[in-house]
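Please read this report with the sequence and the model side by side, and find each part in the model as it is named. The text moves from the whole chain to its cores, its paired strands and a few unusual backbone angles.

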Amino acid sequence: MSKGDNRLKILYVLDELKENSKIKTQEDEDRFMSANSLIKLLEDKYSLSADRKSVYNYIKSLVKYGYEIENTRKGYYMILNEDFELAELKMIVDALSASRFISADKTKKIIKKLQNLTTEGSDSLVNRQVYLEDAVKGDNKAVIYSIDAIHRAIVGHKKISFHYQKTVVDFALTEKLTSVNKTSEDGADRLYVQSPFALVWKNEYYYVICFDSDTQKERTFRVDRMKDVTCLDESRDGGRYFADTHFEKYADTAFSMFGGEDINIVLRVNNELASVIADRFGKNISIYHDDDPGFFRCSVTVQKSPQFFAWLSGFGKDVKLIFPKEVCDEYKEYLRELISTYDE
């Protein structure tokens, strides 16, 4: 039996802890290895000798290096970070399903790939998307590739080109809210060229902060509305403009969900706010003509609460609640109470 090289011993201890931690049994005790069992393994498997103090020192060195090793009365157990736990994958699936900017189709494809990362309860990952069809999801299937192109441009200090979409009322064809590319004065699809400096997450969407060379000003674009994003070879402008900017201040994620009674309502909306309605309720809602061609009416389901009334009041005359009457009366009372606070 050889004393051997201590550098080899610590590597063998590392290998054995890793392999033993992968054991899938009902008894957690089987995953733990005592100092005596490690000593015996070194001797029987590698013909190397070691004592308990040496094993303790090996474990301390591995922990100091960064490995997560539990030390209990049962023995040692290594927490393997290279494999996803089922609970972690479920959390990722929930985040994907609730994410507005990733399309429903792309969400399903990503979840299908995540199934391959676990054999334990993998079917439950797909079953967690039961609410996905009713979620307000984006319809830009290329958004993740747009994010990648923007990242590459930011890192490489390059410009990007893209088309930018807006939501419009389409009575002629679909009688729904739909997305179209913004156009130039001649009616052609407008191609934007911008210098990107930061991607931020705000109100459940990705935004890219850019420098516009034409106006010499900062501009912000919502990534899920960007189409055909291309990283250009041209170097970006605006470095001095953003030299002292702290982009963290843009990352305001103060979106909240409030409970309340589900009610069906009808809103009268200024056509210019079609995007706002699509963002909140989705595009697959019932819309109707209004007497004023500058407005449209839509039927949506909301949770009645003071927070909904606060959201509604923020649009002033551009969004009006017109049905049902009893909710209109409650909203008027809400406004009266709001005004009364200023009378005081």
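How many disulfides does the structure hold? In this predicted model, the structure holds 0 disulfides. Two cysteines can nevertheless be looked up in the interior: Cys210 is buried with a relative accessible area of 0%, and Cys298 is likewise buried, with a relative accessible area of 0%.

## The chain as a whole

The protein chain is built with 10 helices and 12 strands, and 38% of its 344 residues count as buried. Its accessible surface comes to about 21,100 Å², and carbon and sulfur atoms hold 49% of that area. Among the contacts in the chain with a separation of 6 or more, 66% are accounted for by residues 24 or more positions apart. One pair at a separation of 24 residues in sequence is Lys90 and Leu114, whose C-alpha atoms are 9.4 Å apart in space. Lys90 belongs to helix α4, which covers residues 86-98, and it counts as partly exposed because its relative accessible area is 23%, while buried would require a value under 20%.

## The nonpolar cores

Which residues have the most contacts inside the largest nonpolar core? They are Leu267, Ile277 and Cys298, in a core of 26 residues. At least two residues of this core come from each of β9 (261-270), α8 (274-281), β11 (295-304), α9, β12 (319-323) and α10 (325-343). A second, separate core has 18 residues, including Val13, Leu62, Tyr76 and Met78.

The surroundings of Ile277 can be followed residue by residue. If its neighbours within four places in sequence are left aside, Ile277 is in contact with Leu177, Leu267, Val269, Gly282, Ile285, Phe296, Cys298 and Trp311. Two of these names have appeared already, since Leu267 and Cys298 are listed with Ile277 as the residues with the most contacts inside the largest core.

Trp311 leads to helix α9 (residues 306-313), in which Phe308, Phe309, Trp311 and Leu312 are buried. These four residues cover an arc of only 160° around the axis, which means that they lie on the same side of α9. The spacing in sequence helps to explain this pattern: an α-helix has 3.6 residues a turn, so residues three or four places apart point the same way.

## Paired strands

Three strand pairings, each of them antiparallel, can be set out together.

| Strands paired | Number of bridges | Residues opposite each other |
|---|---|---|
| β3 and β8 | 5 bridges | His163 and Lys227 |
| β3 and β4 | 6 bridges | Gln165 and Asn181 |
| β6 and β7 | 6 bridges | Ile209 and Thr220 |

Strand β3 (residues 158-170) thus occurs in a pairing with β8 (residues 226-235) and also in a pairing with β4 (residues 176-181). The hairpin of β3 and β4 has 5 residues between the strands, and within this hairpin Glu175 takes a positive phi near 55°.

Is strand β6 largely enclosed or largely open to the outside? Because 7 of its 8 residues are buried, β6 is largely enclosed by the rest of the structure.

## Unusual backbone angles

Most residues other than glycine have a negative phi, and most peptide bonds are trans. Against that background, a few places in the model deserve a second look.

Gln216 is not a glycine, yet it has a positive phi of about 60°. This residue is found in the loop between β6 (205-212) and β7 (217-222), and the hairpin of these two strands has 4 residues between them. Gln216 counts as partly exposed, because its relative accessibility is 49%.

Asp228 also has a positive phi, of about 55°, although it is not a glycine. Asp228 lies in strand β8. With a relative accessible area of 51%, Asp228 is exposed, since the exposed class begins over 50%.

Where is the peptide bond that is cis, with omega near 0°? It runs from Phe323 to Pro324, and Pro324 has its place in the loop between β12 and α10. Both β12 and α10 were named above, as each supplies at least two residues of the largest nonpolar core.

Definitions and conventions. Residues numbered from 1 in each chain as written. Predicted model: local features only at pLDDT ≥ 70, side-chain atom pairs only at ≥ 80, totals over all residues. Heavy atoms only, no water. Disulfide = S-S within 2.5 Å. Buried < 20%, exposed > 50% of the residue type's maximum accessible area, 1.4 Å probe, protein only. Contact = heavy atoms within 4.5 Å. Areas by Shrake-Rupley, 256 points an atom, 1.4 Å probe, with all protein chains shown as cover. Arc of directions from axis to C-beta. Core = buried A, V, L, I, M, F, W, Y, C linked by side-chain atoms within 4.5 Å. Pairing = 2+ DSSP bridges.
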